[in-house]
Amino acid sequence: MKVGLIGAGGISRVHADAWRALGVEGYVTSLVGAEEIAAEYGFELVDDVDTLIGLVDIVDIVTPSSTHADFALRAIARGLDVICEKPLAETAEIAATVARAAEEAGVRLFPAHVVRYMGEYAQIKAGIDAGRIGTLAVQRFSRAGSAPQTPWFFSERAGGGVIRDLMIHDIDQAVWFAGPVESVYAVQNPPTVDDRVPAPVTAHVVLTHRSGVISHIHGSWVAPGMPFRTSVEVAGSEGRLRYDSAEDNALRTDAVLPEADTDYLPPMSPQESPYFAEIADFVAALREGRDARVSPADGIEAVAVAEGAYASIASGAPVALTVTTLTSSARTAEEATR
């Protein structure tokens, strides 16, 4: 299998690690840093994107968000399967255009929402689906870390912003756990001024799901050097599931206990890299002709919710979401989860 990596920024190394572990023939191109990736991972250096597309079977896009759709469409037009880092595009409409192009070309599109492959979150999803906490009611997510250093992250028009870049991870988890979103309300402090996102910055997003579940999502870009921290808690009619990266590496469950049981502690999450797990899942899905854990519809909806959050901040009011921009397959997937 020949894989082309477009981009050589910070996230490119964990993708390159995964591809090397899978034993593929790797190629890489980037305006900056491609030589280092090629040397470090044994990939072949390629001068430009179009040349790379002509050499490989799969394209892996790890570039700034504003370029995702263009590179994906160029690869799809040449009949290639595509893995694309989140977000799939700047807007849901553009994301749907990419998904539709892949569907019409008969190729696979995989939005790389890596948190679905993190053991603690996957265990929470399994616990919800198994009914361990009864009927899901409220979800709380938090994610905070040092603000990035590259300028495009601080331009919402360029696909950056704390909600679209950082909080989209937990937006995707909220939808994965509780289903499609009906309305979004969001606030940010300090506000973005003249398309310049301040740092440090904090945002809070409240989602009302069609199922009736309420999700509270907090995200912060904080001062350089501050440790990264993430937490999640989901509560239902019969208990709760929670995980906090600052406490330990175990997911703990507080639940109504069956008679004769004294405690419940799910097994520790696997030590396998979630970036390896997501890429391995996509490769296996290609080989086995099955769906991967993340679909194009998932990528579109995460972007739509983030877009709704920015619209809510601008208006100061909740924003209702529609599915008019989704592909037909995305709408079918949404109907199945209602």
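Does Asp194 count as buried or exposed, and at what relative accessibility? At 75% relative accessibility, Asp194 counts as exposed, because exposed means over 50% relative accessible area (buried is under 20% and partly exposed in between, with a 1.4 Å probe and protein chains only). The model is predicted, so local features need pLDDT of at least 70 and side-chain atom pairs pLDDT 80 or more, while totals for chains, interfaces and linings use all residues. Residues are numbered from 1 along each chain as its sequence is written, and side-chain values use heavy atoms, without hydrogens and water.

Asp194 is placed in the loop between strand E8 (181-189) and strand E9 (201-209); strands are DSSP runs of E with at least two residues, helices are runs of H or I with at least four, and both are numbered from the N terminus. The phi of Asp194 is near 50°, which is a positive value in a residue other than glycine. Asp195 also has a positive phi, of about 65°, and is not a glycine. This residue is found in the loop between E8 and E9 as well. In contrast to the exposed Asp194, Asp195 counts as buried, at 15% relative accessibility. Pro200 belongs to the loop between E8 and E9 too, and the peptide bond that joins Ala199 and Pro200 is cis, with omega about 0°.

A cis peptide bond is also present from Lys86 to Pro87, where omega is near -10°. The loop that holds Pro87 runs between strand E5 (81-85) and helix H5 (92-105). Most residues other than glycine have a negative phi, and most peptide bonds are trans.

The largest nonpolar core (buried Ala, Val, Leu, Ile, Met, Phe, Trp, Tyr and Cys residues joined through side-chain atoms within 4.5 Å) has 43 residues. Within this core, the residues with the most contacts are Ile163, Phe177, Val205, Trp221 and Val234. Helix H7, which spans residues 162-178, gives the most to the core, with 10 residues. Another core lies apart from it and has 33 residues, including Tyr27, Leu52, Ile61 and Ala72.

Val205 is one of the residues with the most contacts inside the largest core. When its neighbours within four places in sequence are left aside, Val205 is in contact (heavy atoms within 4.5 Å) with Ile163, Met167, Val184, Tyr185, Ala186, Ser215, His216, Ile217 and Ala309.

Thr63 is located in the loop between strand E4 (58-61) and helix H4. At 13% relative accessibility, Thr63 counts as buried. Apart from neighbours within four places in sequence, the residues in contact with Thr63 are Ile6, Gly7, His68 and Phe71.

Glu44 is part of strand E3, which covers residues 44-45. Its relative accessibility is 43%, so Glu44 counts as partly exposed. Glu44 is in contact with Gly26, Tyr27 and Val28, leaving aside neighbours within four places in sequence. Among these, Tyr27 is also one of the residues of the 33-residue core. Between Glu44 and Gly4 the separation is 40 residues in sequence, and the C-alpha to C-alpha distance between Glu44 and Gly4 is 9.1 Å in space.
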